[in-house]
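Please walk me through this structure, one helix at a time. I would like to see how its parts pack together and where individual residues sit.

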Amino acid sequence: MEIDLEYILKKFIKSGKMTTKEQTIQRIIERKFRPDLNYSLKSKTEKFTTKLYYTLFDSNECVEQNIEQLEIDFSEIYQLACRNVNKNCVTIWNEFLKTLPEIFENLSLDGKALIDGDPASNTIEEVYLAYPGFYAIAIYRFSHELHLLNVPLIPRLMSEYAHSKTGTDIHPGATIGKSFFIDHATGIVIGETCIIKNNVKIYQGVTLGALYVSKELKNTKRHPTVESNVTIYANATILGGKTNIGKNSIIGGNVWVTESIPKNSMVFHKPEIILKQNKDAT
């Protein structure tokens, strides 16, 4: 027979015999179920995400078996995340499954962009195994499709898992084109309503964000648009939903951009460096 701990503690309260420890336990119990959180959803989503990645890229993994297991795993996390959602889990999974070949195609183009664009890269295997930027893009492409299917919470858990592993924060709602290049990855932030076209290169520390934070802006475009063939170098910050970076432009390192840039432009920060020598030093 199950023991109703909450009922017993309430009886202790009425009797006035509760110790400090029992009072503390009671207060935690009263609060922990508002909201109703099951933290196994987080770990199970991370496991699902890893298996999904391996299914596409690990040659030792059996695709057929993995797809069967992934369906089971998805059903479990979907039920945990979507208590109040009526849409059938099988329908959602089948719709997502249909996108996997296209996702794989796009990721192949992303991998090629890294091979072609980074002189330090040697093989596609190195990119798949060792490049955090590629991993962040892959998990973004998975989570983005689930976001488009209006699956709550799971896409964000997937993107935050990639964030924790790579230092790259890409919101699953962002729209990113083909042949996307992320080098070094650490510190990159790409906001929910950001639009990135094809053949864009981004280096570490880049922020594509909003001009300011306000809940009233939730359903508006808050983040910039980056047109095709743009390169954005390290630690550049580009802000605002109306900010458009024209195609074929280069944004130099450490610049701060809050207005649109015409196509074929070069934007750079010119620091003043002062060098003084100590003539008395030996």
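Right after helix 7 comes Asn150, a residue with a positive phi, near 60°. This is a predicted model. Most residues other than glycine have a negative phi. Asn150 is not glycine, yet its phi is positive. Where does Asn150 sit? Its place is in the loop between helix 7 and helix 8, which covers residues 154-166. Asn150 has a relative accessible area of 66%. Exposed means over 50%, so Asn150 counts as exposed.

A second residue belongs beside it. His184 is also not glycine, and its phi is positive, near 70°. Look for His184 in the loop that links strand 3 (181-182) to strand 4 (189-190).

Now go back to helix 7 itself. It runs over residues 132-148 and has 17 residues. How far apart should its ends be, at 1.5 Å a residue? The expected span is 24 Å. The end C-alpha atoms of helix 7 are 24 Å apart, so the two values agree. Next, ask how much of helix 7 is hidden. Of its 17 residues, 13 are buried, so the rest of the structure largely encloses this helix.

Glu145 lies in helix 7. Its relative accessibility is 22%. Buried means under 20%, so Glu145 counts as partly exposed instead. Which residues does Glu145 touch, leaving out those up to four places away in sequence? They are Phe96, Thr99 and Ile103. Pro172 is 27 residues from Glu145 along the chain, and their C-alpha atoms are separated by 8.1 Å.

Turn next to helix 3. This helix has 18 residues, and it covers residues 40-57. The same check on length works here. At 1.5 Å a residue, helix 3 should span 26 Å. Its end C-alpha atoms are 26 Å apart, so expectation and model agree. Which residues of helix 3 are buried? They are Leu41, Thr45, Phe48, Thr49, Leu52, Tyr53, Thr55, Leu56 and Phe57. The cover over these buried residues includes helix 4, helix 5, helix 6 (124-130), helix 7 and helix 8.

How do we describe such packing? For two packed helices, we give the angle between their axes and the distance between the axes. Three of the partners of helix 3 can be taken in turn.

Start with helix 4, residues 63-81. The axes of helix 3 and helix 4 come within 10 Å and cross at roughly 155°. An angle over 145 degrees counts as roughly antiparallel, so helix 3 and helix 4 are roughly antiparallel to each other. Their crossing is left-handed. On the helix 3 side, the contact includes Ser40, Leu41, Lys44 and Phe48. On the helix 4 side, the residues include Val63, Asn66, Asp73 and Phe74. Sorted by class, this contact has 10 nonpolar, five polar and four charged residues.

Helix 8 meets helix 3 at another angle. The axes of helix 3 and helix 8 come within 9 Å and cross at roughly 70°. Angles of 65 to 115 degrees count as roughly perpendicular, so that is how helix 3 and helix 8 lie. Helix 8 brings Ile154, Leu157, Met158 and Tyr161 to the contact. Helix 3 brings residues including Lys42, Glu46, Thr49 and Thr50. Here the classes are seven nonpolar, three polar and two charged residues.

The last partner is helix 5, residues 89-117. Its axis and that of helix 3 come within 11 Å and cross at roughly 55°. That angle makes helix 3 oblique to helix 5. The crossing is right-handed. Phe48, Leu52, Leu56 and Phe57 of helix 3 meet Trp93, Phe96, Leu100, Phe104 and Leu107 of helix 5. What classes of residue make up this contact? It has nine nonpolar, no polar and no charged residues.

One stop remains. Thr123 has its place in the loop between helix 5 and helix 6. Its relative accessible area is 36%, so Thr123 is partly exposed. Thr123 and Lys270 are 147 residues apart in sequence. In space, from C-alpha to C-alpha, Thr123 and Lys270 are 36 Å apart.

Key
Residues are numbered from 1 along each chain as its sequence is written. This is a predicted model: local features need pLDDT of at least 70, side-chain atom pairs count only at pLDDT 80 or more; totals for chains, interfaces and linings use all residues. Side-chain values use heavy atoms; hydrogens and water are left out. Helices (H or I, at least four residues) and strands (E, at least two) are DSSP runs, numbered from the N terminus. The expected span of a helix is 1.5 Å times one less than its number of residues. Buried means under 20% relative accessible area, exposed over 50%, partly exposed in between (1.4 Å probe, protein chains only). Axes are lines fitted to C-alpha atoms, for helices over the stretch in contact, and angles run from 0 to 180 degrees between N-to-C directions. Angles under 35 degrees count as roughly parallel, over 145 as roughly antiparallel, 65 to 115 as roughly perpendicular and the rest as oblique. A crossing is left-handed if the near helix is turned anticlockwise from the far one by less than a right angle, and right-handed if clockwise. Contact means heavy atoms within 4.5 Å. Ala, Val, Leu, Ile, Met, Phe, Trp, Tyr, Cys and Pro count as nonpolar, Asp, Glu, Lys and Arg as charged, and the others, Gly among them, as polar.
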